[in-house]
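Ready to explore a protein fold together? Take a moment with the picture first, and then we can talk it through.

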Amino acid sequence: MNDKKETLQEKKRDDKIAPVQKESPKPGIQVYIGPSFKGAARGTIYNNGPSTALVEAVKRKSVIGELLVPIEKLAAANRELASSDSALCRIYRSAEDFFRKGE
């Protein structure tokens, strides 16, 4: 009998967990803060997803996707880029090398 009670209590707890979204949310307005390259310029604002060139660059070097930030986080991202030892700054430099070498 106790096993049945525990199972019902566990079920009640599980029912309170929010369902997982199966579709990714729409990206909203995003700004590319990485180095300019053919097909994408630094500061470009994307309302309906990134350009084809930027999508292809992200496929070839996934960290470039970190340089596409929601407009609400633009000021914080720019502050982080200004700090030479930040992760975002290292990603930016890695992207510069990537585009310079033409990989």
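Below are some questions and answers about this predicted model.

Q: How many helices and strands does the protein chain have, and in which pattern do they follow along the sequence?
A: Let's start with the overall layout. The secondary structure comes to four helices and three strands. Read along the sequence, these elements give the pattern α-β-β-α-β-α-α.

Q: Which stretch of the chain has a pLDDT below 50?
A: The predictor's confidence averages a pLDDT of 82 over the chain, and 73% of the residues score at least 70. One stretch has zero contacts in the model beyond near neighbours in sequence, and its pLDDT is below 50. That stretch is residues 11–25.

Q: Which element gives the largest share of the largest nonpolar core?
A: In soluble globular proteins, nonpolar side chains tend to be buried together. Here the largest nonpolar core has 20 residues, and Tyr 32, Ile 33 and Phe 99 are among those with the most contacts inside it. Two or more residues come from each of strand 1, helix 2, strand 3, helix 3 and helix 4. The largest share, six residues, comes from helix 4.

Q: Which residues does Ile 64 contact, leaving aside its neighbours within four places in sequence?
A: Ile 64 is one of the residues with the most contacts inside the largest nonpolar core. Leaving aside neighbours within four places in sequence, the contacts of Ile 64 are Tyr 32, Leu 54, Ala 57, Val 58, Ala 95, Phe 98 and Phe 99.

Q: Are helix 3 and helix 4 roughly parallel or roughly perpendicular to each other?
A: Two packed helices are described by the angle between their axes and the distance between the axes. The axes of helix 3 (residues 74–82) and helix 4 (residues 87–101) come within 7 Å and cross at roughly 75 degrees. Angles of 65 to 115 degrees count as roughly perpendicular. The two helices, helix 3 and helix 4, are therefore roughly perpendicular.

Q: How many nonpolar, polar and charged residues are in the contact of helix 3 with helix 4?
A: Helix 3 brings Ala 77, Glu 80 and Leu 81 to the contact, while helix 4 brings Ala 87, Leu 88, Cys 89 and Tyr 92. Glu is in the charged class, and Ala, Leu, Cys and Tyr are in the nonpolar class. The contact thus has six nonpolar, no polar and one charged residues.

Q: Is Gln 30 buried or exposed?
A: Gln 30 lies in strand 1. Not counting residues up to four places away in sequence, Gln 30 touches Thr 44, Ile 45, Tyr 46, Leu 68, Val 69, Pro 70 and Ile 71. Buried means under 20% relative accessible area. Because its relative accessible area is 13%, Gln 30 is buried.

Q: Is Ser 51 buried or exposed?
A: You can find Ser 51 in the loop between strand 2 (45–46) and helix 2 (52–60). Beyond residues up to four places away in sequence, Ser 51 touches Gly 39, Ala 40 and Tyr 46. With 18% relative accessibility, Ser 51 counts as buried.

Q: How far apart in space are Arg 60 and Phe 98, C-alpha to C-alpha?
A: Arg 60 lies in helix 2, and at 52% relative accessibility Arg 60 counts as exposed. Arg 60 and Phe 98 are 38 residues apart in sequence, and in space their C-alpha to C-alpha distance is 9.5 Å.

Technical notes
Residues numbered from 1 in each chain as written. Predicted model: local features only at pLDDT ≥ 70, side-chain atom pairs only at ≥ 80, totals over all residues. Heavy atoms only, no water. Axes fitted to C-alpha atoms, helices over the stretch in contact; angles between N-to-C directions. Parallel < 35°, antiparallel > 145°, perpendicular 65-115°, else oblique. Contact = heavy atoms within 4.5 Å. Buried < 20%, exposed > 50% of the residue type's maximum accessible area, 1.4 Å probe, protein only. Core = buried A, V, L, I, M, F, W, Y, C linked by side-chain atoms within 4.5 Å. pLDDT = per-residue confidence, 0-100.
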